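This report introduces a protein to a reader who has not met it before. It begins with the overall fold and then turns to particular residues.

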Amino acid sequence: MAPRVQPVDDSQVAPDIKERFKIAEERGAPNSMLLRILANNPHAMKMFYDSWGQIFYEGIVDHGLKEIVRVRMARVRSCGY
């Protein structure tokens, strides 16, 4: 089995990264564990988080398209959404 990438410990990250973790946990998205794994490379995590925010919270993508993505993600995961 391939080694797993471990999430970072909160004590090892900068305050701005911790704030992103907190906001993600409050919103429920993006997945805060994914952010903790991506935070092994803080620049990559910030780029992912900021892009997610632009797409899903700032509205640079049409609402209808976002719903199509949500439904597709649910189907891929066999979720009853």
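Helices here are DSSP runs of H or I with at least four residues, and they are numbered from the N terminus. With that convention, the place of S78 can be given as the segment after α4. The model described here is predicted.

**Overall fold**

The protein has four helices and zero strands, and the order of its elements along the sequence reads α-α-α-α. Its C-alpha trace spans about 40 × 35 × 20 Å along the principal axes, and of its 81 residues 22% count as buried.

**Salt bridges**

A search of the whole structure finds seven salt bridges, and three of them are set out in the table below, each with the distance between the N and O atoms.

| Pair | N to O distance | Citation |
|---|---|---|
| R20 and D16 | 3.2 Å | helix α1 for both residues |
| D50 and R20 | 3.6 Å | helix α3 for D50, helix α1 for R20 |
| E67 and R70 | 2.7 Å | helix α4 for both residues |

R20 takes part in two of these contacts, one with D16 and one with D50. R20 and D16 both belong to helix α1, which covers residues 15-27, and they stand four residues apart, about one turn of the helix. The contact of R20 with D50 is of another kind, since it links distant parts of the chain: D50 is in helix α3 and R20 in helix α1, with their positions 30 residues apart.

Is R20 buried or exposed? R20 counts as buried because its relative accessible area is 16%, and the cut-off for that class is under 20%. Its partner D16 is partly exposed, with a relative accessible area of 33%, and D50, at 34%, is also described as partly exposed. The connections extend beyond these pairs, as D16, R20, K46 and D50 are linked in a network of salt bridges.

In helix α4, E67 and R70 are three residues apart, about one turn of the helix, and their closest N and O atoms are 2.7 Å apart. E67 is partly exposed, with a relative accessible area of 27%, and R70 counts as partly exposed at 28% relative accessibility.

**The largest pocket**

R70 also appears in the description of the largest pocket, where about 340 Å³ of space lies. Which residues lie nearest the centre of this pocket? They are A29, W52, F56, R70 and M73, and the whole lining is made up of 14 residues. The elements that give two or more residues to this lining are α3, covering residues 42-56, and α4. By character, the lining residues divide into 11 nonpolar, one polar and two charged.

**A nonpolar patch on the surface**

M73 belongs to a second feature as well, for together with L65, I68 and V69 it forms a nonpolar patch on the surface, and the accessible area of these residues together is about 330 Å². L65 lies in helix α4, which covers residues 63-76. L65 is partly exposed because its relative accessible area is 44%, and that class lies between the limits of 20% and 50%.

**Helix α2 and the loop before it**

P30 lies in the loop between α1 and α2, and the peptide bond that leads from A29 to P30 is cis, with omega near -10°. A29 is thus named twice in this account, since it is also among the residues that lie nearest the centre of the largest pocket.

Further along, I37 has its place in helix α2, which covers residues 32-38, and I37 is partly exposed, with a relative accessible area of 29%. From I37 to M47 the separation is 10 residues in sequence and 14 Å in space, taken from C-alpha to C-alpha.

**The segment after the last helix**

The account ends with S78, whose place is in the segment after α4. S78 has a positive phi of about 55° although it is not a glycine. S78 is classed as exposed because its relative accessible area is 68%, where the cut-off for that class is over 50%.

Conventions
Residues numbered from 1 in each chain as written. Predicted model: local features only at pLDDT ≥ 70, side-chain atom pairs only at ≥ 80, totals over all residues. Heavy atoms only, no water. Patch = residues over 30% accessible without salt bridge, like charges linked within 9 Å, V, L, I, M, F, W, Y side chains within 5 Å. Areas by Shrake-Rupley, 256 points an atom, 1.4 Å probe, with all protein chains shown as cover. Salt bridge = Lys/Arg side-chain N within 4 Å of Asp/Glu carboxyl O. Buried < 20%, exposed > 50% of the residue type's maximum accessible area, 1.4 Å probe, protein only. 1 Å grid on protein atoms, 1.4 Å probe; cavity = no way out; pocket = protein on both sides within 12 Å on 5 of 7 lines; lining within 4 Å. Points joined across faces, edges and corners; volume = space filled by probe spheres on them. Nonpolar A, V, L, I, M, F, W, Y, C, P; charged D, E, K, R; others polar.
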